[in-house]
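I opened this notebook to record what I looked up in a single chain. The entries follow the order in which I consulted the structure.

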Amino acid sequence: MATRDRFGRRLIQLYAGLTLYGTSSALLVRSGLGLEPWGVLHQGLARLTGLTIGVVSIIVGAAVLLLWIPLRQRPGLGTVSNVFLIGIAMDATLAVFPDVRSLAVRLPLLVAGIVLNGVATGLYISARFGPGPRDGLMTGLHRRTGRSIRLMRTAIEVAVVATGFALGGTVGIGTLLYALSIGPLAQPFLRVFDVPSASGGSTVVAEGQPGRAILRR
């Protein structure tokens, strides 16, 4: 029974986290002050293709997941759910949240989006159903090349930001603030939302490498 309860809690955390992640990304879009690195690419591609940013997020996530094959990465339930749910939640939030022009509103939206993103990251990583496709690409390249997580993450994110910016994605103070704060913000939520293992230990401690690798700067 306890094992079933833990599994149920993990599922709730996974889907709540992914939904909140999409919502937080939409708030960053509405702030107009800069997106997270992959968001810059998604927005640039959306403007180029005419698709919604959520649909682009799904397409890019699926394409990145294909890159796992030569890296011999194994997707989990969370990996596949990540591809679809974040984009759906983002488009749904943007559909009901109007454009704003006042800086007095946009600044709180930016802060709220970043903080909510930290909460969402802690939720879905602590659920332990597998990394998102973009995080898995980073850790897969780390294992295959022997290069540091920091180098792989920096190289990937610089490339996607530069490409997204060239396509018309929004880079601004929000992009920098996100890069500096998301790790420290998400780290405590990993512990808050940690689901103890059957032996009573911490899944974050016992299986902590993926979470720490994803958040390491």
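**Entry 1. Glutamine 43**

I began with glutamine 43, which I located in helix α2, residues 37-49. The model is a predicted one, and I read each entry with that in mind. Is glutamine 43 buried or exposed? Its relative accessible area is 8%, and the limit for a buried residue is under 20%, so glutamine 43 counts as buried.

I then asked which residues glutamine 43 contacts, leaving aside its neighbours within four places in sequence. I found Val29, Leu35 and Ile53, together with Gly168, Gly169 and Thr170. For threonine 170 I also looked up the C-alpha separation from glutamine 43: it is 7.4 Å, although the two positions lie 127 residues apart along the chain count.

**Entry 2. The chain as a whole**

I next turned to the secondary structure and noted eleven helices and zero strands. Read along the sequence, the pattern is α-α-α-α-α-α-α-α-α-α-α. The chain has 217 residues, of which 48% count as buried. I took the contacts between residues at least 6 apart in sequence and noted that 81% of them join residues at least 24 apart. The contact of glutamine 43 with Thr170 is one such case, with 127 residues of separation along the chain. For the surface I recorded an exposed area of about 10,400 Å², 68% of it supplied by carbon and sulfur atoms.

**Entry 3. Helices α6 and α9**

I looked up how helix α6 (residues 103-126) packs on helix α9 (residues 173-192) and noted an angle of about 40 degrees, with the axes 8 Å apart. Angles from 35 to 65 degrees fall outside the parallel and perpendicular ranges, and α6 and α9 are therefore oblique to each other. The crossing of α6 past α9 is right-handed.

On the α6 side I listed contact residues including Leu110, Ile114, Val115, Gly118, Gly122 and Ile125. On the α9 side the contact residues include Ile173, Leu177, Tyr178, Ile182, Leu185 and Phe189. By class, I recorded 13 nonpolar and seven polar residues in this contact, and no charged residues.

**Entry 4. Helices α7 and α8**

I then examined helix α7 (residues 133-145) and helix α8 (residues 149-166), whose axes come within 9 Å and cross at roughly 130 degrees. That angle makes α7 oblique to α8. I noted the crossing as right-handed. From α7, the residues Leu137, Met138, Thr139, Leu141, His142 and Thr145 meet Ile149, Met152, Arg153 and Ile156 of α8. I recorded six nonpolar, three polar and one charged residues in the contact of α7 with α8.

**Entry 5. Two arginines with positive phi**

Finally I looked up two arginines by backbone angle. Arginine 72 has a phi near 60 degrees, a positive value in a residue other than glycine. I placed arginine 72 in the loop between α4 (68-71) and α5 (77-96). Arginine 128 likewise has a positive phi near 60 degrees, and I placed it in the loop between α6 and α7.

Which of the opposite words, buried or exposed, applies to arginine 72? Its relative accessibility is 69%, so arginine 72 counts as exposed. Arginine 128, at 15% relative accessibility, counts as buried.

Notes. Residues are numbered from 1 along each chain as its sequence is written. This is a predicted model: local features need pLDDT of at least 70, side-chain atom pairs count only at pLDDT 80 or more; totals for chains, interfaces and linings use all residues. Side-chain values use heavy atoms; hydrogens and water are left out. Helices (H or I, at least four residues) and strands (E, at least two) are DSSP runs, numbered from the N terminus. Buried means under 20% relative accessible area, exposed over 50%, partly exposed in between (1.4 Å probe, protein chains only). Contact means heavy atoms within 4.5 Å. Accessible areas come from the Shrake-Rupley method with a 1.4 Å probe; for residues, only the protein chains shown count as cover. Axes are lines fitted to C-alpha atoms, for helices over the stretch in contact, and angles run from 0 to 180 degrees between N-to-C directions. Angles under 35 degrees count as roughly parallel, over 145 as roughly antiparallel, 65 to 115 as roughly perpendicular and the rest as oblique. A crossing is left-handed if the near helix is turned anticlockwise from the far one by less than a right angle, and right-handed if clockwise. Ala, Val, Leu, Ile, Met, Phe, Trp, Tyr, Cys and Pro count as nonpolar, Asp, Glu, Lys and Arg as charged, and the others, Gly among them, as polar.
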